[in-house]
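This report describes one structure for a reader who has not met it before. Please look at the model first.

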Amino acid sequence: MMKKEYTELIKWSDRFSCGIKLIDDQHKELVILVNEMFNHVAGNEIQENEYINEIIHKTIKYIKIHFVTEEKLMLAAKIPGYAAHKKAHARFIITVVDAINDYNAGKRFNLYAFTKFLKEWILSHIALMDKQYFGQIKILPAEKPGQMRLAMQKQL
Ligand code: FEA
């Protein structure tokens, strides 16, 4: 049997970079996850359930770490737009939690739809909203990048 070629649904590029390594590194993890999901080859029912549980676990872990990281840095930077950005995160979390709850209630987990949802989030939120928000940090007055560094050190 021919081995399926690995295709990058999303290729990481500068287009996604917000200029802060800590955040970019976390975003890269989501890009890797989406590419993995896109390349997943379905197995039997037991293997599929295991795979879906693994995806759910990785997504929850990502959400817990990433949004806390971003929101802490945003608060430290004191740039306008925090509330709207946090709301966008909350909407994303609700969609993910709804999909997980449906799955736990016995509905089929639509891997294709979930992959597409995450891909669209990367193209909209990461490439636009995160980039725009964290891009402002580069043009902050002198004392603010210092605050950012402090906040980032606490994160690490
Ligand atoms: Fe504002 Fe970052 O959040 N992106 N993710 N996921």
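The text below covers the overall make-up, the ligand shell and one helix pair.

This is a predicted model, in which local features need pLDDT of at least 70, side-chain atom pairs count only at pLDDT 80 or more, and totals for chains, interfaces and linings use all residues. Residues are numbered from 1 along each chain as its sequence is written.

The chain has five helices and zero strands, where helices (H or I, at least four residues) and strands (E, at least two) are DSSP runs numbered from the N terminus.

The ligand is surrounded by His 27, Leu 30, His 66, Glu 70, His 85, His 89, His 125, Ile 126, Met 129 and Asp 130; a residue is near a molecule if its C-beta atom, placed from the backbone, lies within 6 Å of it. Four helices each supply at least two residues of this shell, and helix 4 gives the most, with four residues.

| Helix | Residues |
|---|---|
| Helix 1 | 21-38 |
| Helix 2 | 45-77 |
| Helix 3 | 82-104 |
| Helix 4 | 111-135 |

Helix 1 and helix 4 pack at an angle of about 160°, with their axes 10 Å apart. Axes are lines fitted to C-alpha atoms over the stretch in contact, and angles run from 0 to 180 degrees between N-to-C directions. The two helices are therefore roughly antiparallel, a term for angles over 145 degrees. Residues in this contact include His 27 and Leu 30 of helix 1 and Ile 126 and Asp 130 of helix 4, contact being C-beta atoms, placed from the backbone, within 7 Å.

Key: Angles under 35 degrees count as roughly parallel, over 145 as roughly antiparallel, 65 to 115 as roughly perpendicular and the rest as oblique. Two residues are in contact if their C-beta atoms, placed from the backbone, lie within 7 Å.
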